[in-house]
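Here is a short set of exercises to work through with the coordinates open. Try each task before reading its solution.

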Amino acid sequence: TSLAIGNSEAPFTESVVMFRRGHRPEAAKVARDLRIGRVRLMIRDVRDRSAPARIAVVIGEDKITQFS
């Protein structure tokens, strides 16, 4: 298990769970557990900042008060 915490270059309006290829099922479970409705393949910015994590939770403006 690896954990990376950081900021992306651009803000996200909606929270999303991102995954590396082959890890969609795990990402979907994390999204369900956190009540995040969006799951998608990692974009380069998130992949670079979260290496070597296979899943990244991006907290968007929609969840800032919930997770702070």
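**Exercise 1. Place the first helix.**
Find which strands helix H1 lies across and work out its angle to E1.

*Solution.* Keep in mind that this is a predicted model. Start with helix H1, residues 24-34, which lies across E1, E2 and E3. Next, compare directions: the helix runs at about 165° to E1.

Now pick a residue on this helix, Ala27. Its relative accessibility is 0%, so Ala27 counts as buried. Then list its contacts, leaving aside neighbours within four places in sequence: Ala27 touches Val17, Phe19, Val39 and Ile55. As a last step, take the C-alpha atoms of Ala27 and Val17, which are separated by 6.1 Å although the two residues are 10 apart along the chain.

**Exercise 2. Assemble the sheet.**
Determine the strand order of the sheet and say which strands stand at its edges.

*Solution.* Take the pairings one by one. Strand E1 (residues 16-19) pairs with E2 in the parallel sense, over 3 bridges. E1 and E3, by contrast, run antiparallel and are joined by 4 bridges. Put together, this is an open sheet of 3 strands with mixed pairing and the order E2-E1-E3. Strand E2 (39-41) and E3 each have a single partner strand, so they stand at the edges, and one side of each is left without a neighbour in the sheet. On average, neighbouring strands here are turned by 25° against each other, direction ignored.

**Exercise 3. Match residues across the strands.**
Identify the residues that stand opposite Phe19, Val17 and Met18, then check how the faces of E1 are covered.

*Solution.* Begin on the E2 side. Phe19 stands opposite Leu41, and the bridge partner of Val17 is Val39. Moving to E3, Met18 stands opposite Ala56.

Then sort the E1 side chains by face. Val16 and Met18 lie on one side, Val17 and Phe19 on the other, and all of them are buried, with both faces of E1 covered. Two of these residues, Val17 and Phe19, are among the contacts of Ala27 from Exercise 1.

**Exercise 4. Find the salt bridges.**
Search the whole structure for salt bridges, then ask of each partner: is it buried, partly exposed or exposed?

*Solution.* A useful reminder first: side chains of opposite charge can pair when their charged atoms come close. With a cut-off of 4 Å between a side-chain nitrogen of Lys or Arg and a carboxyl oxygen of Asp or Glu, the search finds 2 salt bridges.

- In helix H1, Lys29 and Asp33 lie 4 residues apart, about one turn of the helix. Their side chains meet at 2.9 Å, N to O. Lys29 is partly exposed because its relative accessibility is 44%, while Asp33, with 53%, is exposed.
- In helix H2 (residues 44-50), Arg49 and Asp45 are likewise 4 residues apart, about one turn of the helix. The closest N and O atoms of this pair are 2.4 Å apart. Arg49 is partly exposed at 43% relative accessibility, whereas Asp45 is buried at 16%.

**Exercise 5. Look around the second helix.**
Which residues are in contact with Asp45, leaving aside its neighbours within four places in sequence?

*Solution.* Start from Asp45 in helix H2. Its contacts, with those neighbours left aside, are Ser8, Glu9 and Ala10.

Now turn to Gly6, which lies in the segment before E1. Gly6 counts as exposed because its relative accessibility is 61%. Finally, pair Gly6 with Ser50: they are 44 residues apart along the chain, and their C-alpha atoms are separated by 7.6 Å.

**Exercise 6. Examine a surface patch.**
Work out which residues join Val57 in a nonpolar patch on the surface, and how much accessible area they have together.

*Solution.* First locate Val57: this residue is found in strand E3 (residues 55-58). Then check its exposure. The relative accessibility of Val57 is 38%, so the residue counts as partly exposed, and patch members need over 30%. Ile59 and Ile64 complete the patch with Val57, and the accessible area of the three together is about 230 Å². To close the loop with Exercise 2, recall that E3, the strand that holds Val57, stands at an edge of the sheet.

How values were computed. Residues numbered from 1 in each chain as written. Predicted model: local features only at pLDDT ≥ 70, side-chain atom pairs only at ≥ 80, totals over all residues. Heavy atoms only, no water. Patch = residues over 30% accessible without salt bridge, like charges linked within 9 Å, V, L, I, M, F, W, Y side chains within 5 Å. Areas by Shrake-Rupley, 256 points an atom, 1.4 Å probe, with all protein chains shown as cover. Helix = DSSP H or I, 4+ residues; strand = E, 2+ residues; numbered from the N terminus. Buried < 20%, exposed > 50% of the residue type's maximum accessible area, 1.4 Å probe, protein only. Pairing = 2+ DSSP bridges. Axes fitted to C-alpha atoms, helices over the stretch in contact; angles between N-to-C directions. Contact = heavy atoms within 4.5 Å.
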